[in-house]
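Okay, can everybody see the screen? I'll put the sequence and the structure up, and then we'll walk through the backbone and the charged side chains.

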Amino acid sequence: MRGPAWLTAPEDPDALVPHLWSQTARKVDGELHVGGLALPELVAEVNTPAYVLDEEDFRARACAFREAFSSYDVFYAGKAFLSIAVARWVAEEGLSLDVCSNSELTVALRAGFEPARIGYHGNNKTLIELRRAVEAGVGRIVVDSFDEIERLESIAAAGLTARVMIRVTAGVEAHTHEYIATAHEDQKFGFSITSGDAFEAVRRVLAAPGLELLGLHSHIGSQIFDSSGFEVAARRVLALQARISEELAVTLPEMDLGGGFGIAYTTQDDPADPAQLATEMSKIVEHECRALGIPEPRLSIEPGRAIVGPAMCTVYTVGTVKRVQLDGGAVRTYVSVDGGMSDNIRTALYDADYSCTLASRGSDAAPVLARVVGKHCEAGDIVVKDEFLPGDVRPGDLLAVPGTGAYCRSMASNYNHALRPPVVAVRDGVARVVVRRETEDDLLATDMGDQ
Ligand code: LLP
């Protein structure tokens, strides 16, 4: 059985590829350890499936962004993964926080996050949601439609002030999956620069009493490796900034370049580190501002995945192993685990690639190309499309999938009434459940019966 051309059988199937794993992950006699804890011992306590969050790794990545982008404001994008503990770590590491729903705002406020350091996103915020955000003193609301500007005007009419950024669409084709690209014209986010809507939105906000316009916001998409998309977007947004200063005599003090920095899910991915990103992005902005003759705005960025993605792995227990004969005689080994598309929808939704390793023992068995699948009633319920696993992989083994910190727990579902797994933070040999496993009672609590 052959997998994709880039996937080759590892010399030592026990070895971890370091850049796919959190910084404290290592194999000890075949057992995977994270945060100083052996995962077989940990799951004996918390059961599987479970997300294991390496706190030291999360903090180190947050800190690396803050230090590399020291003259910027760095907003952690909570949509990637948010809990009260994580919001506190973000605050302690000196970052600001992005939320994109009222419930995310609730988590942030419950964590005691300073409202002035919260940014609030979304393409369809209701009047009630906006009023709550303004009343809570949220530092910036990123507006995305004329309807929303009107809603904010009505809130401001009651004597409140809203600090606003305007999300613009730069018309960039980002090289990523169609569903996570957001700067081309034909999609739901932002005001188009090309059509003139972005300029009109600026005019409207500037004219509205009670609305304070901080600047323009652009986010081109997610899981992006190539800085050329950021470059084109920055050039177009700064050209708009220059037009605003020329025609409206206003210098907008800030600009947000969004998030979207890619991480490694397989050996094929080679992401830039924060220092490299900071150098490239700052150079682009400096050069454009000089060429346009405008002052450099204070910049901000919004990384989510690049901070939490590599900090988590998911641990599953193998339930069944099936060898399936394919046309042409090849055999594919299907390894079924006790989770699946309910805890990681990314493979099914974006055709995402993941890798995995045997986490509970070493093995000298020759590697076989395996497909790791979940336990849901759906043929597309695939967690890892292709990975080499020891040929003696069997029920009861633990498998760990790295890089599941971003958009896995946060996009988890209850499909087939699955109970969403816990998030267990590990650090210096100590484990803390920061989000507990759901129970059947949690699910039944919303089922009102046949009244
Ligand atoms: N800022 C804005 C305005 C965003 O819309 C997003 C992500 C981010 C920042 C953070 O992007 P990050 O640095 O995490 O890539 N569910 C998809 C990703 C959707 C991203 C939505 N917006 C996935 O699993 O790949």
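One bit of vocabulary before anything else: I'll call a residue buried under 20% relative accessible area, exposed over 50%, and partly exposed in between, using a 1.4 Å probe and the protein chains only. Now the ground rules. This is a predicted model, so local features need pLDDT of at least 70 and side-chain atom pairs count only at pLDDT 80 or more, while totals for chains, interfaces and linings use all residues. Residues are numbered from 1 along each chain as its sequence is written, and side-chain values use heavy atoms, with hydrogens and water left out.

Right, the overall picture. There are twelve helices and 21 strands, where helices (H or I, at least four residues) and strands (E, at least two) are DSSP runs numbered from the N terminus. The radius of gyration is 23 Å and the globule rule gives 22 Å for 451 residues, so the protein is as compact as a globular protein of that length. That radius is taken over C-alpha atoms, and the rule is 2.2 Å times the number of residues to the power 0.38. The C-alpha trace spans about 70 × 55 × 45 Å along its principal axes. Of the 451 residues, 53% count as buried. As for contacts, meaning heavy atoms within 4.5 Å, take those with a separation of 6 or more: 70% of them come from residues 24 or more positions apart.

On to backbone oddities. Where is the cis peptide bond? It runs from Thr 48 to Pro 49, with omega near -10 degrees, and Pro 49 sits in the loop between helix H1 (39-46) and strand E4 (50-54). Then we have a couple of positive phi values outside glycine. Asn 416 has phi near 60 degrees; this residue is in the loop between strand E19 (398-402) and strand E20 (423-427), and at 41% relative accessibility it counts as partly exposed. Asp 428 has phi at about 50 degrees, in the loop between E20 and strand E21 (430-435), and Asp 428 is exposed at 59%.

Now, charges. My salt bridge rule is a side-chain nitrogen of Lys or Arg within 4 Å of a carboxyl oxygen of Asp or Glu, and that gives 25 salt bridges. Lys 385 and Asp 351 make one at 2.9 Å, N to O. Lys 385 is in strand E18 (residues 382-390) and Asp 351 in the loop between helix H11 (346-350) and strand E16 (357-358), so this pair ties together parts 34 residues apart in sequence. Lys 385 is buried, at 16%.

Next, Arg 420 pairs with Glu 438, with the closest N and O atoms 2.6 Å apart. Arg 420 is in the loop between E19 and E20, and Glu 438 is in the loop between E21 and helix H12 (440-444), 18 residues apart. Buried or partly exposed, which is Glu 438? Buried, at 11%, while Arg 420 is partly exposed at 23%.

Asp 442 and Arg 436 also meet in a salt bridge, at 2.6 Å, N to O. Asp 442 is partly exposed at 26%, and Arg 436 is partly exposed at 48%.

Last one: remember Asp 428, with the positive phi? Asp 428 is also in a salt-bridge network with Glu 55, Arg 59, Glu 92, Glu 93, Arg 427 and Arg 432. Okay, that's my tour.
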